[in-house]
Amino acid sequence: MAEPPRGERLQKVLSRAGIASRRAAEDLIREGRVTIDGRVAVLGDRVAAAGEPPVTVLVDGEPIRGVAASRYVLLNKPAGYVTTRSDPEGRPTVMDLIPERWRRRLKPVGRLDYGTEGLLLVTDDGDLAHRLTHPSFGCTKRYLAKVRGLPGDAAIARLRGRMVIAGRRTAPMRLSRAPARRGARPARASTWWQVELVEGRTRQIREMFFRVGHPVQRLRRVAIGRLEDTELPLGHWRELSTDELRALRAGSGPGPGRGSPRPRGRQPRGRKSRRR
C-alpha cells in the first residue's frame, strides 16, 4: 500500500498564513514567486510535515508565518574546536558554542580545521549549505594566514598555481600580501597573507604553504562570499540578518560587517551571557 503524502499542500499553508486564498496562492506558485529553502516552488509541493525538519517559505522574498523557519547562525570559531556535531575522541566541537536548545537541528556548513579560527555558518538549511560548499556555485572563502618568513616570487607562483594534494590537483587560489595592522610592530620572522579559495580541501592552505617552506603559524577565515563580521569576538555567535541571508541566497554578500547585529551568545569569561 502506497504511503500517504507527507505534509500540507503549499497553497493551503499560504492561505492559512493569510497571504492569499488557495486559488490565488496557486497563481503565486505558478508565477514563480514562492520559494522553499531557496528553491522555486511548484504546484504539488508539501511543507511542514509533523516531525520533519522545518523549511523556509518566502513569497516575493519575504518569509511567511505559519511555517517553522530555518535558523542561520554565524559563529566565530576559536582554535581548539572540531567542526562537527560530535567527536569520538571527546574533543570540544563547534556545537558546544551553540545554544543547547538548537543543537539537534543545526549542522556546520563546511569545515574549519581544529587549529583554524574564523567565520562558520551553522544552519538547518540544506539547500543553502549546498550552495555555499559546492564549487560549482563559486562561493569564495577568504582567509588570513600568518606564515613563517617571507615567501619569494617562486614560492608565490607555486601557491597561485595548482598543486597535487591527495592525488587531486587543487583549484587556483588568489594570494596577496595582507596589509599590516595599524600599530602593529613589523615582524621579520613571519608575514600575513590573504588567501581566497572557491574549492577548499582539508588542510589545503597549511599543506601548500608547508610545501613551499613557509609553514602556517595561524589561520583565520574572515569571509564567506562577501559575508564578513570584523566585530564578532572569538567564541561568539549571532543570527544572520535578513539582508545577509538574502545576499547569501543570491550568491553575493552585503559587504563588510559594518552595522551587523551586536555579538550575542557565549561571552568571555567573567561576563554573563545575554539571552533572548
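**Exercise 1. The end of helix H5**

Which residue follows H5, and what is the sign of its phi?

*Solution.* The model examined here is predicted. Step one: locate helix H5, which spans residues 204–211. Step two: identify what comes after the helix. H5 is followed by Gly213, whose phi is positive, near 85 degrees.

**Exercise 2. The buried side of H5**

Determine which residues of H5 are buried and which elements they pack against.

*Solution.* Step one: list the buried residues of the helix. They are Gln204, Ile205, Arg206, Met208 and Phe209. Step two: list the elements against which these buried residues pack. One helix appears, H4 (153–160), together with the strands S10, S11 (164–165), S13 (174–177), S14 (190–197) and S15.

**Exercise 3. The partners of strand S9**

Work out which strands pair with S9, and in which sense.

*Solution.* Step one: consider S7 (residues 72–77), which pairs with S9 in the antiparallel sense over six bridges. Within this pairing, Leu74 has Leu121 as its bridge partner.

Step two: consider S8 (residues 107–108). Its pairing with S9 is also antiparallel, over two bridges, and here Pro108 stands opposite Val122.

Step three: consider S15 (residues 216–224). With S9 (residues 117–123) it pairs in the parallel sense, over two bridges. Glu117 has Arg220 as its bridge partner in S15, and Gly118 stands opposite Arg221.

Step four: examine the surroundings of S9. Seven of its seven residues are buried, so the strand is largely enclosed by the rest of the structure.

**Exercise 4. A further partner of S15**

Establish how strand S10 is joined to S15.

*Solution.* Step one: determine the sense of the pairing. S10 (residues 141–148) and S15 run antiparallel to each other, and seven bridges connect them. Step two: pick out a pair of facing residues. Ala145 of the pairing stands opposite Leu219 in S15.

**Exercise 5. A salt bridge within one helix**

Describe the salt bridge between Arg30 and Glu26, including its place in the helix and the exposure of each residue.

*Solution.* Step one: state the distance. The two side chains meet at 3.7 Å, N to O. Step two: place the residues. Both lie in helix H2 (residues 22–30), four residues apart, about one turn of the helix. In general, an α-helix has 3.6 residues a turn, so residues three or four places apart point the same way.

Step three: compare exposure. Arg30 is exposed, with a relative accessible area of 54%, whereas Glu26 is partly exposed, at 24%. Step four: look for further members. Glu26, Asp27 and Arg30 are linked in a network of salt bridges.

**Exercise 6. Salt bridges between distant parts of the chain**

State how many salt bridges a search of the whole structure finds, then analyse those of Glu117 with Arg218 and of Arg142 with Glu228.

*Solution.* Step one: give the total, which is 16 salt bridges.

Step two: take Glu117 and Arg218, whose closest N and O atoms are 3.1 Å apart. Glu117 lies in S9 and Arg218 in S15, so the pair ties together parts that are 101 residues apart in sequence. Glu117 is buried, with a relative accessible area of 10%; Arg218 is partly exposed, with 32%.

Step three: take Arg142 and Glu228, whose side chains meet in a salt bridge at 3.1 Å, N to O. Arg142 belongs to strand S10 and Glu228 to the loop between S15 and strand S16 (237–239), and this pair links parts of the chain 86 residues apart. Both Arg142 and Glu228 are buried.

Notes. Residues are numbered from 1 along each chain as its sequence is written. This is a predicted model: local features need pLDDT of at least 70, side-chain atom pairs count only at pLDDT 80 or more; totals for chains, interfaces and linings use all residues. Side-chain values use heavy atoms; hydrogens and water are left out. Two strands pair if DSSP finds at least two bridges between them. Buried means under 20% relative accessible area, exposed over 50%, partly exposed in between (1.4 Å probe, protein chains only). Contact means heavy atoms within 4.5 Å. A salt bridge is a side-chain nitrogen of Lys or Arg within 4 Å of a carboxyl oxygen of Asp or Glu.
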